[in-house]
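The following exercises are to be worked with the sequence and the model at hand. Each task is followed by a solution in steps.

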Amino acid sequence: GKSLKRRYLAQVVSSANPTYMHGLVLKDDSSVCDDSPAFQDGLSSSTNSPGRSYVGVIETQAGYTLVEVSAEERIAVVSERLTAEAVSCRLIAYPPADPLIYVPPYSDGGSKSKTRSDRLPFLPWRQTSNSMMKPSVGVKGKVRVKTLPPSLVVGPAPGKSDIERAKQTIVSAFLRLEDDSLDGDTSTDDETSSLPMKRERGKVSHDDFVVITPSSTNGSLSDVHTSQVTSSLPLHLETATQLGLMSDPAIPTLTQSLLPDSAPSSSRRFLRRWLLIPPPPDIADAMSQLVGTLKDDDNRALPSLNAPPITGKVSSLIRAGQASAPVFRELLSSLNAGIQILLLDEEDFQRPTGMVVAPLLKILQHDTGIEARDSLTLRNRFIETKRIIESVVNTNNVDDTEKERISHFGDVIPPAFLERNELIWRGRVKQVALECSHDVPLAAQRLAEAVALDFWGVESIQFNENGEIDLNDAKETKSPIVQDIFNNLIAVKSKPSWDSSIPLQTEDNTGGDRKSRYFHPRDRNGKVLRTRYTTDRVQEALSDYVETCENARKEVEKVLTRLSWDLVDNGHLPSIMQASHLNLILATAAHHAASSNMKGWSNAVIEDESTSAGHFEGVWPYWMDKSESIPNSFDLDGLFLLTAPNMSGKSTLMRTTAAAALLINSGLCAPLKDGSSIRRFDSIFVRGASADVPTEDKSAFGAEMGDVAALLRSCGARSLVFVDEIGRGTSPKDGTCLAAAILEKMAVSGMSGMFATHLHGILNIPYVPLAESRLRKKRMAIQDDGQGHLSWTYKLEDGVCTNSLALLTAAKFGLDPSILQRAEELSEYWNTDTIESKMHFDENSSDINMNTAIEILQSVVGRGVCVPVPPSYMPPPSLEGSSCVYILQIGKKYYVGETDSLSQRLSQHRSKGRDWSSLSAVAIQIEEGKSHARNVESLVIRRMSKDGFDMISVADGTSIRASSRRGT
């Protein structure tokens, strides 16, 4: 009932504080991290990962301020002046706890004229990438958003920075939420009420949280292009997805390629975070120095890299006084490793001073926000923390400590009974720190003697050389004892057969009557156990033993709790966290260096003053073995206009180059040869193919334009950009013109990178002189054997390619030869002007209907049967999981899309209301997969638009009506 609830409601467990902090002091679980195979990709699920952070977003005229609050570690990470895309990437990479706090700008004032979409563009469930909606990413549903009035933002004050004000605003808001949650709890037991941000010995305030800040320009919207040293902005969501950092099954995982399979998952998570928000230049240089030293130095072994990473869970356990002895042993292991690491440079006279420890400390200070400039001071702090823990905690296992072994008297008492009472507290704390536990051996001996006399029938107590009671003269030949684990007692099932011959002794030791001394014991609720028997002597000894063990348990628990609080009160928690991070950083760098040597990866020279984006020497795909790949070498001295056939490797080259640039800018090794040099970039942007997003009212083309808008908004002269096939989702004419205008803008802005396209009309556009001077026409080479047989070389070269070899690619993937032959015949008629002059349509013609649309769809696909789906009907289950292209008729308008889940997509469309709720649909299965379905979608859109269909553009909510072809 209510009392039982009050007894166990010791904490409100949330996604931000998932560890139930009650009764853990004497637990044997020493796992403070999880390196199970489920974590090996570095993407942990919310049920197994450390607690999520509370997140607050403050919108200002200078961008977004992101405040991530860890209730477990008492830290607040504040990032200023972020773009909406950077905030979105951070939220999708590390899903926040519920709710998310949003503070609108003062100018907005909570205006109702703005929609939720306009005011919260950073929410990851509002973004266009399908990958973020997958369960593997960790987002299992929308997080509630609580809007905070701008008036509650802490105002300017002398000596208080904008970062401190942001931290105080958001942390105070979450503390108020915790107070409200506590007030709503019916429990009144003060000893057991403990919310994530509460502590028994005092209320937490925003002052208890330490501020950690990235570089002042890291992620900033300010004009970083004028600074002498360029800092990299956080990755946009689309870029992170394209580079394999967001768990898209279609894209190889980048972090999986950076480390050997034996590396712990904590290192993978560290590198994923490191790349999503690239470090400032000086920190990246420190990582480069550390990795380079470890990669090339073969003169000295490293200390053990198996020390466990200490998570926020451990920090919370210590603060709550619930850290167990196994946890403290893990802390000692981490501290010992940290002490050894700080001695590396001092013990190696052949290595230049500071080649390992100095960069380690620099990265450590950046990663933890705690000062770590002096290795001697830090080592002394580690030693002092270690001394305090070792003065209390027994560092040996129970089996290795003679004095701490569990009581044992041979077969007299079942060992399991003694273990159940003593194992929970023995071996955890040193004997010098205890008092009550000294009484347990004597109580256990009295119990053993009583059991031997009354249950075994021993005439006199004799101990053998092993300290066991001799049972040679016992009347019982096998153990008569039964255990009751629920009531923690031992008894016999029946009265001994030899009981009647033993008179009941009186106080004056004279013989009495022969009334049996055996009786039924009672359980913990006072109920008589009719099937069990005991004696006064056994029951008294048993009660004394159990009570003594319980006192010892409480004393051990009290000593460990006091140790936890001593570490907190005396400021040793930072040392513990720093030792853990030091181990993690060195382990990650060492594993990465080892993997790079094994795979032949190299580091590159960073040239901040170079006018070229870089010289890439022998770069190859990060997910491929060096011996099986075809490397490319080139100078990226402008903006490459890349034309190439299908399947020739242009998308692979762009992803490879972008990944290499990101790794080098982050201080890591990359799949390229020695001799490479790369400039430092303020932003790396990769834009690949996208799909329609009906819940966002965006077609594939609309999503594409949203990505381009983000690119143009956040990239400049020191940015590296890769854009793949812009303009496919609309008519060739409009797509070509838009792509050319975007390309020209990128070139004029001074961006470097690659722009790949199949819209060959873009090659003949008259660009402005500045753009023309920065464009470099490149292509992927094709080899001709002289007999008409073409093959892909995957090599980059100068020139243009206007033959996409689409028919060759289609034949390679098994397209029906009759379709290929017909396509070749129709290619003779392919001329935009000629086709349009021959085709005359009246936009009001009665031929424009769903049947005509079906004919167009079937003619484009070439095979298969269109499946009609009437209003309110669901599609056939056989289409689920297959790529489909569908046409919707909404009143007199039409919409074309592609999907792998037709039923879900139709449900999303119909949920828009009005004419959408009564739409009819037709769909056709695309056996070749999603990529081919996107091409079919684009072709159908063009055909229907050209034929005069009234097409809906869900990108901007307007209608696109194809102009009449009559008279053109």
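Two strands are said to pair if DSSP finds at least two bridges between them. The model examined here is a predicted one.

**Exercise 1.** Determine which strands pair with β4, and in which sense.

*Solution.* Begin with strand β4, which spans residues 100-103. Strand β1 (residues 54-60) pairs with β4 in the parallel sense, over three bridges. Within this pairing, I58 stands opposite V103 of β4. Next, consider strand β5 (residues 145-147): β4 and β5 also pair in the parallel sense, over three bridges. Here L100 has V145 of β5 as its bridge partner.

**Exercise 2.** Are the residues on the two faces of strand β4 buried or exposed?

*Solution.* Take one side of the strand, where L100 and Y102 are buried. Then take the other side, where I101 and V103 are buried. Both faces of β4 are therefore covered, since buried means under 20% relative accessible area.

**Exercise 3.** Describe the surroundings of R655.

*Solution.* First, locate R655 in helix α18 (residues 650-665). Secondly, examine its charge partners: R655 is buried yet has no salt bridge. The nearest side chain of opposite charge, D724, is 6.7 Å away, whereas a salt bridge requires a distance within 4 Å. Finally, leaving aside neighbours within four places in sequence, R655 is in contact with Q242, L243, I251, Y622 and W623.

**Exercise 4.** Which residues form a nonpolar surface patch with V748?

*Solution.* V768 and L770 join V748 in the patch, and together the three have about 220 Å² of accessible area. L770 belongs to helix α21 (residues 769-774) and is partly exposed, with a relative accessible area of 47%.

Terms used:
Residues are numbered from 1 along each chain as its sequence is written. This is a predicted model: local features need pLDDT of at least 70, side-chain atom pairs count only at pLDDT 80 or more; totals for chains, interfaces and linings use all residues. Side-chain values use heavy atoms; hydrogens and water are left out. Helices (H or I, at least four residues) and strands (E, at least two) are DSSP runs, numbered from the N terminus. Buried means under 20% relative accessible area, exposed over 50%, partly exposed in between (1.4 Å probe, protein chains only). Lys and Arg count as positive and Asp and Glu as negative; His and the chain ends are not counted. Contact means heavy atoms within 4.5 Å. Patches are made of residues with over 30% relative accessible area and no salt bridge: like charges are joined within 9 Å, nonpolar side chains (Val, Leu, Ile, Met, Phe, Trp, Tyr) within 5 Å. Accessible areas come from the Shrake-Rupley method with a 1.4 Å probe; for residues, only the protein chains shown count as cover.
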